[in-house]
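Here are some questions and answers for someone meeting this structure for the first time. Please look at the sequence and the model before reading on.

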Amino acid sequence: MNVRRVLGQAPTSLSTARAGVSLLEVVVASTIFVGLGYVLALSVRVSNASKDTVEDVAVANASMRETTTLLRDELRAARASTLTVVDAGEGFSRVQLQTALPSTGGNFAWGAYERELDVDESSCYREDWSIEYVADPAAGQNPPLERRVRNAGGSVVHTKTLAASVSQFSVTEAGDVWVVELTAVTEEGERHEEFDVRTRDGQ
């Protein structure tokens, strides 16, 4: 009996085996690809979350530095005789002050400066006006810390929120210095700053 085999034609069992191996390779490769894709996506998500957290912390730190710098500078420039500090209770103080204004006659004028009052900076110095720092506990838990500018008649003409949520803002006299404590509440936790400062004239 003669058996004929067409040249180049592999046995049926071998063809099936090769096809089976190829299918297995595709399945394994697909599984590996999906796994790597998931790991990559997870890594990107974690990286983005970490980046957002770092940015939020940096913004919160910068905001706290800006607030404490403004407080320190204006208290240093204040006249002690017109600096009024009222204990509002629950760790909060209400502070009202006047700062030294530019003078060409040698004697300082006293009042308030607020850059947003006028496009002409020279008009932003207002004699006999005052600046008020307040975080009112009556507004609820962790109230905002605001800087208010009052005109000579006592009316508020400008308000800026320095911190959206604070659990403490106290200014207390200790000898010849004022001790300022500020605790801001953020999504990343609390940030506390404490410093002491002397007024300009010491009167």
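Q: Is Lys160 buried, partly exposed or exposed?
A: This is a predicted model, in which local features need pLDDT of at least 70, side-chain atom pairs count only at pLDDT 80 or more, and totals for chains, interfaces and linings use all residues. Residues are numbered from 1 along each chain as its sequence is written, and side-chain values use heavy atoms, with hydrogens and water left out. Buried means under 20% relative accessible area, exposed means over 50%, and partly exposed is in between, with a 1.4 Å probe and protein chains only. Lys160 has a relative accessibility of 37%, so Lys160 counts as partly exposed.

Q: Which residue forms a salt bridge with Lys160?
A: A salt bridge here is a side-chain nitrogen of Lys or Arg within 4 Å of a carboxyl oxygen of Asp or Glu. The closest N and O atoms of the pair are 3.8 Å apart. Lys160 lies in strand E8 and its partner in helix H1, so the pair ties together parts that are 94 residues apart in sequence. The partner is Glu66.

Q: How many helices and strands are there in the chain?
A: Helices (H or I, at least four residues) and strands (E, at least two) are DSSP runs, numbered from the N terminus. From the N terminus on, the elements run α-β-β-β-β-β-β-β-β-β-β-β. The count is 1 helix and 11 strands.

Q: Which residues form a nonpolar patch on the surface?
A: Patches are made of residues with over 30% relative accessible area and no salt bridge, like charges being joined within 9 Å and nonpolar side chains (Val, Leu, Ile, Met, Phe, Trp, Tyr) within 5 Å. One member lies in helix H1 (residues 12-76) and counts as exposed because its relative accessibility is 55%. Together the patch has about 390 Å² of accessible area (Shrake-Rupley method, 1.4 Å probe, only the protein chains shown counting as cover for residues). Its members are Leu24, Val28, Ile32 and Leu36.

Q: Which element gives the largest share of the largest nonpolar core?
A: A nonpolar core is a set of buried Ala, Val, Leu, Ile, Met, Phe, Trp, Tyr and Cys residues joined through side-chain atoms within 4.5 Å. The largest has 26 residues, and those with the most contacts inside it include Val95, Tyr133 and Phe169. Elements that give two or more residues to this core include H1, E2 and strand E9 (166-174). The largest share, 4 residues, comes from E10.

Q: How far apart are the ring centres of Tyr113 and Tyr125?
A: Rings of Phe, Tyr and Trp (its six-membered ring) pair if their centres lie within 6.5 Å; planes under 30 degrees apart count as stacked, over 60 as edge-to-face and the rest as tilted. With 40° between the planes, Tyr113 and Tyr125 form a tilted pair. Tyr113 lies in strand E4 and Tyr125 in strand E5, so the pair ties together parts that are 12 residues apart in sequence. The distance, centre to centre, is 4.5 Å.

Q: Are Arg147 and Glu74 buried or exposed?
A: The side chains of Arg147 and Glu74 meet in a salt bridge (2.8 Å, N to O). The pair links distant parts of the chain, with Arg147 in strand E7 and Glu74 in helix H1, 73 residues apart. Both residues are buried.

Q: Which residues are joined into one network by salt bridges that share partners?
A: Glu132 forms a salt bridge with Arg150, and the closest N and O atoms are 3.1 Å apart. Glu132 is in strand E6 and Arg150 in strand E7, 18 residues apart. Shared partners join these residues into one network: Arg94, Glu132, Glu146, Arg148 and Arg150.

Q: What is the relative accessible area of Glu114?
A: Glu114 is in the loop between strand E4 (109-113) and strand E5 (125-127). Leaving aside neighbours within four places in sequence, Glu114 is in contact (heavy atoms within 4.5 Å) with Cys124, Arg147, Val149 and His158. Glu114 is buried, with a relative accessible area of 9%.

Q: What is the phi of Glu90?
A: Most residues other than glycine have a negative phi. Glu90 lies in the loop between strand E1 (84-89) and strand E2 (92-97), and is exposed, with a relative accessible area of 69%. Although Glu90 is not a glycine, its phi is positive, at about 60°.
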